[in-house]
Amino acid sequence: MTLIVLFFVTNVCAFLLFLTLFGLSQQGEILYDGVGLQDVVDTFDGTGISRDDLTELLQTYDSFAFRIDAGGNIVDQIGLPEELNHQYSIADVAGFSRWYLDDYPVKTEIADDGSITVLGLPEGSAVRYNIIMPLQNVAWYLLLIPILLLGSLFLFLYLQWSDSVKTRKAVEPILNGIDKLAAGRPVNLPETGPLAQVNEELNEASRKARQREDVRTEWISEVSHDIRTPLAVISGCAEAVENEDNARYCRRIQANVMKLRSLVETLNLNNKLTYGLVPAVFKEESAAGLFRDALIDFINENNMELFPMETDIGTEAEETAVSADRNLIERLVSNLMANSIVHNPDGTRIDVSVHSENGEIVLKIRDSGIGMEEEEVEKLYESNPENYESHGQGLRLAAKIVKVHNGSIRFRSEPGEYFETEARIPVIQKQAAD
Amino acid sequence: MTENNKLEKLLIVDDERELSELMKDSLERSGYKNVTAASSAEDAVRIMNGGMPDLILLDVMMPGMDGFELLAKIRETSKVPVIMLTAKGEAEDKYRGFGAGADDYLVKPFLMRELLFRIEAVLRRAYPEKSRIVRLKNARVDLDRAEVLRGEETLTLTAKEYAIFMKLYENSGRIVSTPSLCQTAVGEVWTGYESTLMTHIRHLREKIEADPGKPESLVTVRGLGYKLVIK
């Protein structure tokens, strides 16, 4: 916009300046060093600068001046070329007053007594052109000028607009690319067009970031692998030496082994989900079946005898379908359940419910355990991997899994009273049965 | 776990010597007296050439030939049940394992009792012809004759009751969901069968429980399914 205004102002100024200059030379009063026809007239009249000064000036510029009376006879002259020193007829005067005098550009001034003063410039030193046109045409010209101005303005605006469209077209994918890069997703921009170099650099940056992520993911994966085998040995030994006297300690070792296992798995999957390395496989699943299977899996694989559980799966949820990745849902349920049993004392009651409600399937897992302070709860919604704290990783992964399913999650707690997670996942709207 | 000696030949294939020794120990203490351990796939191939085991516990990640490659090689010639042991625990691995013909899948670290449950379940599925009497708290069930023995009394199980009992028995100690029991009884299309299933469960309880109102062997896990507790 600023550019447009600037353009307009510049145009108007240029036009005015041109007119002003044009007007000056039209009057032709000032030719050299501030000396013009009027000075010649004055000198001839005996009132202006001295005759010697004028002579010197005219010589400097190869110019000349003369005056003829009404009869065409030369009455005064300075530096007049020989071939011009003759009497002038009316026809001659008519000719040179408008055009040239023998190829010399001249300016003329007619005095009241009918004498004519002439200032001549060297041959070829100036162009003289008299414009004569019908008044009607002048009006057209006057009209044409604003039209041309407007036209060039529109042309300019169009160029400006098409340029900005082109720029936006070229820049938009780059901006998207930067966003993707920031989010750690792969960037692959076409390496053509005016901004090809920028695209190339972005692609390269993405490739490098990707490589680093791959290396890190691979590393985490390997570390988690390497941790699992010794854990299996520790857990197995604890089971092997378990007897009535030390059952409490052996169970504690096993519980902590499972805690470490869950931590390692969470770390691994969290990293992969963050960088989009595990593509979720969505299938249409019965909501009740999906969550029931996940719960049963968890209970079957973990020692839940010491945690009284109440499960309430709504009959309406049996008929409800969701689009879900079975593995991720298993992980979601297992992380939420593990959170309740790992941090709470034996005997903590756990309530699980699955219901269909307002087009969403609602999973609630609530324990009557030690709960969590409000500020700790707030931190669970943190999704920036840089701000992660090791505490609450499992719940954060749960939140991420729900997000992958286009759902929402809420954590609620009252310290010393309860901790509750409510996950909502949109259901697939069924077509009317036929 | 029962203290009876079990005759099944088991083969453990894992390069982690410590873990495979521990598994061997646990299995032997649970009655599996015929357990061999191989420290590599190549080693396992040599052992199998001397006679196929009844069940193989196969680690995925091993130097040289890995678990998947060995499984593929085994499946070229044999249907021997294989339980994969993995330290990765990722979805792709799980599906790759099942796709390659594994019978079950365990993620390290696992509880030894979990391993024993899985071994027993897989063996029961793989060798159903073996004569077996299941001891419950208040009755014994003769699987060959589909009969419940209670003191002097002998009660016969119907076909559906038997199918449901078998499913619970194969997964004894673990929860089996209502839908999966319905599927066992009537196949894929089971919707609406839940109430009939409850009738079968009631009849089963009348046959195997001392007090069907307070079941001790065939217990309900509210909201999830049923579980068979073996003595």
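How many Å should the 12 residues of helix α12 (residues 393–404) of chain A span? In this predicted model, a rise of 1.5 Å a residue leads to an expected 16 Å, and the end C-alpha atoms of α12(A) do sit 16 Å apart, so the two agree. Much of this helix is tucked away: A:G394, A:L395, A:R396, A:L397, A:A398, A:A399, A:I401 and A:V402 are buried. Those buried residues pack against α7, α10 (326–342), β11 (408–414) and β12 (418–426) of chain A. After the helix comes A:N406, with a positive phi near 60°.

One of the buried residues of α12(A), A:A398, turns up again in the largest nonpolar core. That core has 62 residues, and the members touching the most others are A:F291, A:L295, A:L332, A:V333 and A:A398. Helix α8 (residues 287–301) of chain A is the top contributor, giving nine residues. Leaving aside residues up to four places away in sequence, A:F291 touches A:I313, A:V333, A:V354 and A:L363. A separate core of 43 residues lies apart from this one, and B:F68, B:L70, B:F110 and B:I119 are among its members.

Next come the strands of chain A. A:V354, one of the contacts of A:F291, belongs to strand β9 (residues 350–357), where the side chains take turns. A:I350, A:V352, A:V354 and A:S356 point to one face and are buried, whereas A:D351, A:S353, A:H355 and A:E357 point to the other face and are not. β9(A) has β7(A) as a parallel partner, with five bridges between them, and A:T311 is bridged to A:V352. With strand β10 (residues 360–367) of chain A, β9(A) runs antiparallel, and eight bridges link the two. Here A:V352 has A:I365 of β10(A) standing opposite. The hairpin formed by β9(A) and β10(A) leaves two residues between the strands, and A:N358 takes a positive phi near 50° there.

Finally, there is the contact between the chains. Chain A puts in 28 residues and chain B 27 residues. On the chain A side, the elements giving two or more residues are α6 (196–240), α7 (247–274), α8 and β7 (309–313). α6(A) gives the most, with 11 residues. Sorted by class, the side of chain A that touches chain B is a mixed bag of 10 nonpolar, nine polar and nine charged residues. Two of these elements have come up already: α8 of chain A also gives the most to the largest core, and β7(A) is the parallel partner of β9(A).

Technical notes
Residues numbered from 1 in each chain as written. Chains lettered and ligands numbered in written order. Predicted model: local features only at pLDDT ≥ 70, side-chain atom pairs only at ≥ 80, totals over all residues. Core = buried A, V, L, I, M, F, W, Y, C linked by C-beta atoms within 7 Å. Buried ≥ 20, exposed ≤ 12 C-beta atoms within 10 Å, placed from the backbone. Helix = DSSP H or I, 4+ residues; strand = E, 2+ residues; numbered from the N terminus. Contact = placed C-beta atoms within 7 Å. Nonpolar A, V, L, I, M, F, W, Y, C, P; charged D, E, K, R; others polar. Pairing = 2+ DSSP bridges. Expected span 1.5 Å × (residues − 1).
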